[in-house]
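The exercises below are meant to be worked with the sequence and the coordinates open side by side. Each task is followed by a solution that proceeds step by step.

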Amino acid sequence: MALVLHAGNANKNGYKALIAAEFSGVNVGLVKDFEMGVSNKTPEFLKMNPIGKVPVLETADGPVFESNAIARYVTRLKADNPLYGSSLIEYALVEQWIDFATLEIDANILRWFIPRIGFAVYLPPAEEAAISSLKRALTALNTHLASNTYLVGHSVTLADIIMICNLTLGFNRLLTKSFTSEFPHVERYFWTLVNQPNFRKILGEVKQAESVPAVQSKKPSQPKEPAKKEAKKEVKKEPAKPKLEEAAQEEEAPKPKAKNPLDLLPPSKMILDEWKRLYSNTKTNFREVAVKGFWDMYDPEGYSLWFCDYKYNDENTVSFVTLNKVGGFLQRMDLARKYAFGKMLVIGSDPPFKVKGLWLFRGQEVPQFIIDECYDMELYDWHKVDITDEDQKERVNQMIEDQEPFEGEALLDAKCFK
């Protein structure tokens, strides 16, 4: 019998076997009209995988489940398949990178993504830990790819196929350009492979996420009050609405998406993107070009400047943890990119390190939607800049240009949100 893969046509775990099949010349058919939540709950499917997870590969010798096992099976159908390398050590390295792609890349992408889309409880510290672990993994991958085109040897292996499939979810849904730009060799590797014919045939055109999904918070259900016996007698009830109708109403309630209040403000003479371009393109004479240009563009009626100071600097005793903390904050600020520009300084040559920032926001207050969505905001004290005070204005200048020393101390790092 022909090999049949039971999975949806957009399942990144199903892609692994399908891409391996393209490289190996193996015919794998995708089952027609697969519907997640329906097809995988049928008695026939549960015989193949008792817990109902996808994908499952149907073979003449019986079913195989778990996506990496399926991809390995398809690869081994071709004798001496180069997808497994050309020597014992290459075989071991392929297996090594498959484990790395699964345990370090995929696991941390899912730990970040699943709570954001409402499929698990969203806990900010857990998200921060997931992002930190993912960055550590991507740093290691970036270092390896600095001197290697592929993970193992000089051509695509099964390790690359599984790594790319796992990264595809991240690039599609979470990893914005501002995030991945820290890992240029990973970027080069990813975009090179997804555009190879055997990958592109299965993945189609891959587009990078423009923002991190907003947290889909679920309201806790209200405890029901015990019914009073007296009320049981003759309380007229309206006919119960069908459950589907209730669910539809719940879904439809948030549909009329209100405009962001910042979009309703009077037009400003300051074009934020022009300032961001000037900042990015100024390489020399920064004070004379970029800083002067900022004040020429600045519109105090349409925008406001804010200093922020981290409240718990005494906890910043480990440099890389402090840097990850700031990086996570900037990542979660993606939702404000249209309305904000920021500089975050990590100050000090010895712990505890101080974290201070300067932010430009549309409007005259720190936008409420940012306070509501980005939990980091409450970790900082916020002070509006008085631009008539020359000392405060000079402090703004120093923070924009990353002046060192800053307030008498060395800079450990300076990060920009733009």
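**Exercise 1. A pair of short strands**

Which residue stands opposite G62 in strand 4?

Solution. Before starting, note that this is a predicted model, in which local features need pLDDT of at least 70 and side-chain atom pairs count only at pLDDT 80 or more, while totals for chains, interfaces and linings use all residues. Residues are numbered from 1 along each chain as its sequence is written, and side-chain values use heavy atoms, with hydrogens and water left out.

Step one is to locate the elements: helices (H or I, at least four residues) and strands (E, at least two) are DSSP runs numbered from the N terminus, and strand 3 covers residues 56–59 while strand 4 covers residues 62–65. Step two is the pairing, for which DSSP must find at least two bridges between two strands; strands 3 and 4 pair in the antiparallel sense over four bridges. Step three gives the residue asked for, which is T59. The connection between the two strands is a hairpin of two residues.

Continue to the flanks of this hairpin. Ahead of strand 3, P55 sits in the loop that follows helix 2 (43–48), and the peptide bond from V54 to P55 is cis, with omega near 0°. Beyond strand 4, E66 belongs to the loop leading to helix 3 (67–76), and E66 has a positive phi of about 80° although it is not a glycine.

**Exercise 2. The five-stranded sheet**

Determine the strand order of the open sheet of five strands and identify its edges.

Solution. First, as a general point, strands of a sheet pair through backbone hydrogen bonds, either parallel or antiparallel. Next, the order is 8-5-7-6-9, with antiparallel pairing. Strand 8 (380–384) and strand 9 (411–417) are the edges, each with a single partner strand, so one side of each has no neighbour in the sheet. The twist from one strand to the next averages 15°, where axes are lines fitted to C-alpha atoms, for helices over the stretch in contact, and angles run from 0 to 180 degrees between N-to-C directions.

Within the sheet, strand 5 and strand 7 pair in the antiparallel sense over seven bridges, and L305 has L360 of strand 7 as its bridge partner. Finally, look at the loop between helix 15 and strand 9, which holds P405 and also E407. The bond joining E404 and P405 is a cis peptide bond with omega about 0°, and phi of E407 is near 50°, a positive value in a residue other than glycine.

**Exercise 3. A helix and its cover**

Establish which residues of helix 12 are buried and which elements help to cover them.

Solution. Start with the geometry: helix 12 (residues 286–297) has twelve residues and reaches 15 Å from its first C-alpha to its last, close to the expected 16 Å, the expected span being 1.5 Å times one less than the number of residues. Then apply the accessibility classes, in which buried means under 20% relative accessible area, exposed over 50% and partly exposed in between (1.4 Å probe, protein chains only); F286, A290, V291, G293, F294 and W295 are buried. Last, contact means heavy atoms within 4.5 Å, and the cover of these residues includes helix 11 (272–281), strand 5 (303–310), strand 7 (354–362) and helix 15 (390–400).

**Exercise 4. Two crossing helices**

At roughly what angle do the axes of helix 6 and helix 8 cross?

Solution. The axes of helix 6 (residues 158–173) and helix 8 (residues 184–194) come within 10 Å and cross at roughly 105°. Because angles under 35 degrees count as roughly parallel, over 145 as roughly antiparallel, 65 to 115 as roughly perpendicular and the rest as oblique, the two helices are roughly perpendicular to each other. On the helix 6 side the contact comprises D160, M163, I164, L167, T168 and F171, which meet V186, Y189, F190, W191, L193 and V194 in helix 8. These residues divide into ten nonpolar, one polar and one charged, with Ala, Val, Leu, Ile, Met, Phe, Trp, Tyr, Cys and Pro counted as nonpolar, Asp, Glu, Lys and Arg as charged, and the others, Gly among them, as polar.
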